[in-house]
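Please read the following note with the sequence and the model open beside it. The points are numbered so that each can be checked in turn.

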Amino acid sequence: MTRPATTAIDLNADLGEGFGHWRLTDDENLLRVVTSANVACGFHAGDPAIMRRVCALAAERGVRIGAQVSYRDLAGFGRRSMDVPSDELAAEVAYQIGALEVFARAAGSRVSYVKPHGALYNRVVRDEEQAAAVVDGVLLAGGGLPLLGLPGSRLLVAAARAGLPVVTEAFADRAYTAHGTLVPRGQDGAVISDPDAVVARAVAMAVRGTVAARSGEQVTVGAGSLCVHGDTPGAVELARRVRAALESAGVRVAAFS
């Protein structure tokens with residue numbers, strides 16, 4: 001079924017993914033396109049200076065600031081799954097949110113939501129214990145922040161049970177399994193590199209609420225937010241094309257929070 005033409009969707013990107021002199025994401029230009037910024041909080045990428053700069057730019061442009069929390073894995077860019085004790089993971093999630101909140105408030109804004117990154121994001125799709133630990137960390141940080149994640153994930157179930165708002169997310173540039181989960185990055189075809197395909201998938205997700213799985217089935221995604229990865233080559237131009245195509249299809253691009 002096609003959604004009404006008045007549908008609205010958030011457009012987010014992972015930003016602040018650098019460290020010291022090293023820069024991975026084009027934060028300044030992506031913040032001219034997206035409506036929500038998932039800001040690295042120092043555990044997989046990011047440092048205090050980068051966090052401060054991204055928050056200032058986001059606040060200046062009216063972009064919502066989200067804490068992109070991860071495992072403590074700077075060397076592996078947060079893409080290595082780790083068995084972290086629940087109480088420790090909860091404390092580390094709260095720590096990351098608190099660190100970003102300092103810079104968001106200094107910029108005249110605030111942290112508006114939380115999104116896990118990389119291996120943690122994928123782990124909490126199915127792992128109830130780790131999902132509960134992330135939720136505990138958000139509660140510890142206070143504020144009742146919304147959690148952004150895959151539809152049907154253990155994370156969103158745990159968050160809703162705890163009374164936290166939840167927002168479902170879809171990825172235009174990632175391949176899906178028939179079960180609605182992301183194809184692991186280590187597998188061939190996990191990342192969609194054809195810009196035309198990414199744009200077409202973004203519109204299908206927003207307008208029809210579906211995406212073609214790698215095996216060919218149509219998978220329901222029902223997303224409130226659409227992610228374009230900031231570390232994708234040509235990410236800025238791709239994000240511009242995605243936003244333009246969404247708006248041309250009658251979809252209003254607006255922050256969810």
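The points below concern a predicted model, and they move from the core to single strands, helices and residues.

1. The nonpolar core. The largest nonpolar core of this model contains 80 residues. Within this core, the residues with the most contacts are Leu31, Leu100, Leu147, Tyr176, Leu226 and Val242. A general tendency is worth recalling here: in soluble globular proteins, nonpolar side chains tend to be buried together.

2. Leu147 as an example. Which residues does Leu147 contact, once its neighbours within four places in sequence are left aside? Among them are Val114, Val134, Val135 and Val138. Further along the sequence, the list also includes Leu155, Leu156, Ala159, Leu164, Pro165, Val166 and Val167. Two elements that hold some of these residues, helix 6 (residues 154–161) and strand 8 (166–171), return in the next point.

3. Helix 6 and its covering. The buried residues of helix 6 are Leu155, Leu156, Ala158 and Ala159. Viewed down the helix axis, these buried residues lie within an arc of 160 degrees, so they line one face of the helix. The cover over them includes two helices, helix 4 (118–126) and helix 5 (128–141). It also includes strand 6 (111–116), strand 7 (147–149) and strand 8. After helix 6 comes Gly163, which has a positive phi, near 85 degrees.

4. Strand 4, covered on both faces. Is strand 4 (residues 36–40) mostly covered or mostly open? It is mostly covered, for five of its five residues are buried. On one side the buried residues are Ser36, Asn38 and Ala40, and on the other side they are Ala37 and Val39. This division can be read against a general pattern: in a regular strand the side chains alternate between the two faces of the sheet.

5. The partners of strand 4. Strand 1 (residues 8–15) and strand 4 run parallel and are joined by four bridges. In this pairing, Leu15 is opposite Val39. Strand 4 is also parallel to strand 5 (residues 64–69), with five bridges between the two. Here Asn38 has Gly66 as its bridge partner. Together with helix 2 (residues 48–60), strands 4 and 5 form a right-handed β-α-β unit.

6. Cysteines. How many disulfides does the structure hold? The number is zero. Cys55 takes part in no disulfide, and the nearest cysteine sulfur, in Cys41, is 8.3 Å away. Why does Cys227 not form such a bond? The closest cysteine sulfur to that of Cys227 also belongs to Cys41, and the separation of 15 Å is too far for a bond. Cys55 is buried, with a relative accessible area of 0%, and Cys227 is likewise buried at 0%.

7. Ser225, a buried residue with distant sequence partners. Ser225 belongs to strand 11 (residues 225–227). Its relative accessibility is 0%, so Ser225 counts as buried. Ser225 and Asp10 are 215 residues apart along the chain, yet their C-alpha atoms are separated by 4.3 Å. Beyond its neighbours within four places in sequence, Ser225 is in contact with Ile9, Asp10 and Asn12, among others. The other contacts include Leu148, Val167, Thr168, Glu169, Ala170 and Phe256.

8. Glu101, a charged residue to check against the cut-off. Glu101 sits in helix 3 (residues 86–106). Is Glu101 buried or exposed? Its relative accessibility is 18%, and because the cut-off for buried is under 20%, Glu101 counts as buried. Apart from its neighbours within four places in sequence, Glu101 is in contact with Arg110 and Val111. Its C-alpha atom and that of Val236 are separated by 26 Å, with their positions 135 residues apart along the chain.

9. Two loop residues. Asp26 is located in the loop between strand 3 (22–23) and helix 1 (27–30). With a relative accessible area of 34%, Asp26 is partly exposed. Phe77 lies in the loop between strand 5 and helix 3, and Phe77 is buried, with a relative accessible area of 12%. The phi of Phe77 is positive, near 55 degrees, in a residue other than glycine. For context, most residues other than glycine have a negative phi.

Notes: Residues numbered from 1 in each chain as written. Predicted model: local features only at pLDDT ≥ 70, side-chain atom pairs only at ≥ 80, totals over all residues. Heavy atoms only, no water. Core = buried A, V, L, I, M, F, W, Y, C linked by side-chain atoms within 4.5 Å. Buried < 20%, exposed > 50% of the residue type's maximum accessible area, 1.4 Å probe, protein only. Contact = heavy atoms within 4.5 Å. Disulfide = S-S within 2.5 Å. Arc of directions from axis to C-beta. Pairing = 2+ DSSP bridges. Right-handed = clockwise from strand over helix to strand, strands pointing away.
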